[in-house]
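Open your viewer, switch to a cartoon view, and keep the selection box handy. We will go stop by stop, choosing something to select and then looking at what is there.

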Amino acid sequence: MEFIVDEQGCRTLSADMLHDMRQIALLISEIQAQDGTLRNALGEDYEAIARSVRIMTTELDGAQKELDKITGNMNEYMSRVHQARVSLE
């Protein structure tokens, strides 16, 4: 199988990844915005879930930094190469 990686494809991939990260961040924000309601509804389970949300937020921040690096590297590479052929066998 062979496919071509070009500058437009990298831009599209970067935009899609950024969009997905923003969607995840919005979901986490929505959970955090419901803090009082969740605290009342979940009772004892609240702290465990809140801890999970904090962990997700930290992991999302790290993933965003990695995505920024990957996107920067892809853009730099494609600005030099313009197109690459990839063969998968």
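Start by selecting Asp35, Leu38, Arg39 and Leu42 in H2, and then add Tyr46, Glu47 and Ile49 in H3, which they meet. Sorted by type, the residues of this contact are four nonpolar and three charged, with no polar ones. This is a predicted model, so keep that in mind for every stop. Now show the two helices whole: H2 covers residues 35-42 and H3 covers residues 46-81. They pack at an angle of about 140 degrees, and their axes lie 9 Å apart.

**Tyrosine 46**

Stay at this contact and centre on tyrosine 46, which sits in helix H3. Is tyrosine 46 buried or exposed? Its relative accessibility is 7%, so tyrosine 46 counts as buried, the cut-off being under 20%. Beyond its neighbours within four places in sequence, tyrosine 46 is in contact with Asp35, Leu38 and Arg39. Try a distance label here: the C-alpha atoms of tyrosine 46 and aspartate 35 are separated by 9.1 Å, and the two residues are eleven apart along the chain.

**Isoleucine 49**

Move along to isoleucine 49, also found in helix H3. With a relative accessible area of 36%, isoleucine 49 is partly exposed. Draw a second label, from isoleucine 49 to isoleucine 31: C-alpha to C-alpha they are 9.9 Å apart, with their positions 18 residues apart in sequence.

**Zooming out**

Time for the whole chain. How many helices and strands does the protein chain have? There are three helices and two strands, and from the N terminus on they run β-α-α-α-β. Colour by accessibility and you will find that 15% of the 89 residues count as buried. The chain exposes about 6,800 Å², with carbon and sulfur atoms supplying 55% of that area. If you have a contact map to hand, look away from the diagonal: among contacts between residues at least 6 apart in sequence, 82% join residues at least 24 apart.

**The length of H3 and H1**

Select H3 and label its two ends. Its 36 residues should span 52 Å at 1.5 Å a residue, and the end C-alpha atoms are 51 Å apart, which agrees. Do likewise for H1, residues 7-33. Its 27 residues should span 39 Å, and the end C-alpha atoms are 39 Å apart, again in agreement.

**The nonpolar core**

Next, show side chains for Met21, Ile28, Val53, Leu60 and Leu67, the five residues of the largest nonpolar core. Helices H1 and H3 are the elements that give two or more residues to this core, and H3 gives the most, with three. As background, nonpolar side chains tend to be buried together in soluble globular proteins. Click on valine 53 for a closer look: setting aside neighbours within four places in sequence, valine 53 is in contact with Ile28, Ile31 and Gln32.

To see what else is buried, extend the selection in each helix. In H3 the buried residues are Tyr46, Ala50, Val53, Leu60, Leu67, Thr71, Met74 and Met78. In H1 they are Cys10, Ser14, Met21 and Ile28.

**Serine 14 and threonine 71**

Select serine 14 in helix H1. Serine 14 is buried, with a relative accessible area of 9%. Which residues does serine 14 touch, not counting those up to four places away in sequence? They are Thr71, Met74 and Asn75.

Follow the first of those names to threonine 71, which lies in helix H3. Threonine 71 counts as buried at 17% relative accessibility. Outside its neighbours within four places in sequence, threonine 71 is in contact with Ser14 and Met17.

**Last stop: cysteine 10**

Finish on cysteine 10, found in helix H1. At 6% relative accessibility, cysteine 10 counts as buried. Show its surroundings and pick out Val5, Met74 and Met78, the residues in contact with cysteine 10 once neighbours within four places in sequence are left aside. For a final label, join cysteine 10 to threonine 71: they are 61 residues apart in sequence and 8.1 Å apart in space, C-alpha to C-alpha.

How values were computed: Residues numbered from 1 in each chain as written. Predicted model: local features only at pLDDT ≥ 70, side-chain atom pairs only at ≥ 80, totals over all residues. Heavy atoms only, no water. Helix = DSSP H or I, 4+ residues; strand = E, 2+ residues; numbered from the N terminus. Buried < 20%, exposed > 50% of the residue type's maximum accessible area, 1.4 Å probe, protein only. Contact = heavy atoms within 4.5 Å. Areas by Shrake-Rupley, 256 points an atom, 1.4 Å probe, with all protein chains shown as cover. Axes fitted to C-alpha atoms, helices over the stretch in contact; angles between N-to-C directions. Nonpolar A, V, L, I, M, F, W, Y, C, P; charged D, E, K, R; others polar. Expected span 1.5 Å × (residues − 1). Core = buried A, V, L, I, M, F, W, Y, C linked by side-chain atoms within 4.5 Å.
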